[in-house]
Amino acid sequence: MDLIQVNKESGGIGIITINRPKSLNSLTRAMMADLARAFKEMDADESVQVVIFTGAGKSFCSGVDLTAAESVFKGDVKDPETDPVIQMERLRKPIIGAINGFAITAGFELALACDILVASRGAKFMDTHARFGIFPSWGLSQKLSRIIGANKAREVSLTSMPLTADVAEKLGFVNHVVEEGEALKKAKGIAEAIIKNEQGMVLRIKSVINDGLKLDLGHALTLEKERAHAYYSGMTKEQFKKMQEFIAGRGSKKPSSKL
């Protein structure tokens, strides 16, 4: 049985599933390497336009399998080729997390590496680094405070108390909360709405948003201006014509997607 499953659906959706439900999808070192490889594969496959990331059973990911803690934390953890979060951050295409059940510690960090999050109503995000004496290394200590605010992030991390799906949505961390068993369906609906757009621009917009978040606002605005100038400067008359035709064609149709 593959503990990391990769499926590619017709229409441009790729699905990566952590498939170790009896262990609440806890991660071994080998699973981490396979997960990193799966995201690299999705990036390289031109038929995939949006990636959905989920977990089998009643949990998204309950973190690192602590029975193998030493091999995980003292292994070759600096190798970006086997680091799933680095590979998620390098993935050019949008990643939609479909979160069911627990997303704990490393699982919380994997959720943070997604671009859009859909959570089932019973989902819980927990940071148990402090409880178990584990130092965060996949971004939780830095990313969460930037998304939900420093005070709330400190509370989540220092108490190891769960962040419910409803509260996560109010804080802007989760995009949508749905009923149990509906997260994957909702994620597919969002993916289909993304796929209807011009895919080259989808990649550029994801990139400029994510790269800009690493900068202060002034430098981020400069980054946007520079990339826009480079894009338009490189366009041919034929590309401008196609843009106009695309807009004209869209103008004659009713909006076909609702989020």
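The following exercises, each with a worked solution, concern a predicted model.

**Exercise 1. The surroundings of strand β3**

Determine which strands pair with β3 and whether the residues of β3 are buried or exposed.

*Solution.*

Step 1. Consider strand β2, which covers residues 13-18. Strands β2 and β3 run parallel and are joined by six bridges. Within this pairing, Thr17 has Thr54 of β3 as its bridge partner. Between the two strands the chain passes through helix α1 (residues 29-44), and the resulting β-α-β crossover is right-handed.

Step 2. Consider strand β5, made of residues 95-99. Strand β5 is also parallel to β3, with four bridges between them. In this pairing Val51 lies opposite Ile95 of β5.

Step 3. Examine the cover of β3, which spans residues 50-55. Six of its six residues are buried. Val50, Ile52 and Thr54 point one way from the strand, while Val51, Phe53 and Gly55 point the other way. Both sets of residues are buried.

**Exercise 2. An open sheet and its edges**

State the order of the four strands in the open sheet, and explain why one side of β4 and of β9 is left without a neighbour.

*Solution.*

Step 1. Recall the general principle: strands in a sheet pair through backbone hydrogen bonds, in a parallel or an antiparallel manner.

Step 2. Write down the order, which is β4-β6-β8-β9, with mixed pairing.

Step 3. Identify the edges. Strands β4 (59-61) and β9 (163-164) stand there, and each has a single partner strand, so one side of each has no neighbour in the sheet.

Step 4. Look at one pairing in detail. Strand β8 (residues 124-126) is antiparallel to β9, and two bridges connect them. Lys124 has Thr164 of β9 as its bridge partner.

**Exercise 3. Two cysteines**

Decide how many disulfides the model contains, and whether Cys61 and Cys114 are buried or exposed.

*Solution.*

Step 1. Apply the cut-off: the two sulfur atoms of a disulfide must lie within 2.5 Å. The count under this rule is zero.

Step 2. Check Cys61 against the cut-off. Its nearest cysteine sulfur belongs to Cys114 and is 11 Å away, and Cys61 is in no disulfide. Cys114 likewise takes part in no disulfide, the nearest cysteine sulfur being that of Cys61.

Step 3. Compare the accessibilities with the limit for a buried residue, which is under 20% relative accessible area. Cys61 is buried because its value is 0%. Cys114 is buried because its value is 11%.

**Exercise 4. Salt bridges between separate parts of the chain**

For the salt bridges Glu89 with Lys143, Asp166 with Arg121, and Asp211 with Arg227, find where the partners lie.

*Solution.*

Step 1. Begin with the principle that side chains of opposite charge can pair when their charged atoms come close. The structure holds 15 salt bridges.

Step 2. Take Glu89 and Lys143, whose salt bridge has an N to O distance of 2.6 Å. Glu89 belongs to helix α3 (residues 84-90) and Lys143 to helix α6 (residues 140-148); the two residues are 54 residues apart. Glu89 is partly exposed, because its relative accessibility is 48%.

Step 3. Take Asp166 and Arg121, with an N to O distance of 3.1 Å. Asp166 is in helix α8 (residues 165-170) and Arg121 is in the loop between β7 (116-120) and β8, so this pair ties together parts 45 residues apart in sequence. Asp166, at 31%, is partly exposed, and Arg121, at 38%, is also partly exposed.

Step 4. Take Asp211 and Arg227, with an N to O distance of 2.7 Å. Since Asp211 lies in helix α10 (residues 199-212) and Arg227 in helix α11 (residues 217-233), the pair ties together parts 16 residues apart in sequence. Asp211 is partly exposed at 24%, as is Arg227 at 33%.

Step 5. Note a network as well: Lys8, Glu41 and Asp45 are joined by salt bridges that share partners.

**Exercise 5. A nonpolar surface patch**

Identify the residues of the nonpolar surface patch and the helix that provides its largest share.

*Solution.*

Step 1. List the residues: Tyr232, Phe240, Met243, Phe246 and Ile247 make a patch of about 470 Å².

Step 2. Locate the main contributor. Helix α12 (residues 237-251) supplies the largest share, four residues.

Step 3. Examine Phe246, which is found in helix α12. Its relative accessibility is 41%, so Phe246 counts as partly exposed.

Terms used. Residues are numbered from 1 along each chain as its sequence is written. This is a predicted model: local features need pLDDT of at least 70, side-chain atom pairs count only at pLDDT 80 or more; totals for chains, interfaces and linings use all residues. Side-chain values use heavy atoms; hydrogens and water are left out. Patches are made of residues with over 30% relative accessible area and no salt bridge: like charges are joined within 9 Å, nonpolar side chains (Val, Leu, Ile, Met, Phe, Trp, Tyr) within 5 Å. Accessible areas come from the Shrake-Rupley method with a 1.4 Å probe; for residues, only the protein chains shown count as cover. A salt bridge is a side-chain nitrogen of Lys or Arg within 4 Å of a carboxyl oxygen of Asp or Glu. Buried means under 20% relative accessible area, exposed over 50%, partly exposed in between (1.4 Å probe, protein chains only). Two strands pair if DSSP finds at least two bridges between them. A crossover is right-handed if, with the strands pointing away from the viewer, the path from the first strand over the helix to the second runs clockwise.
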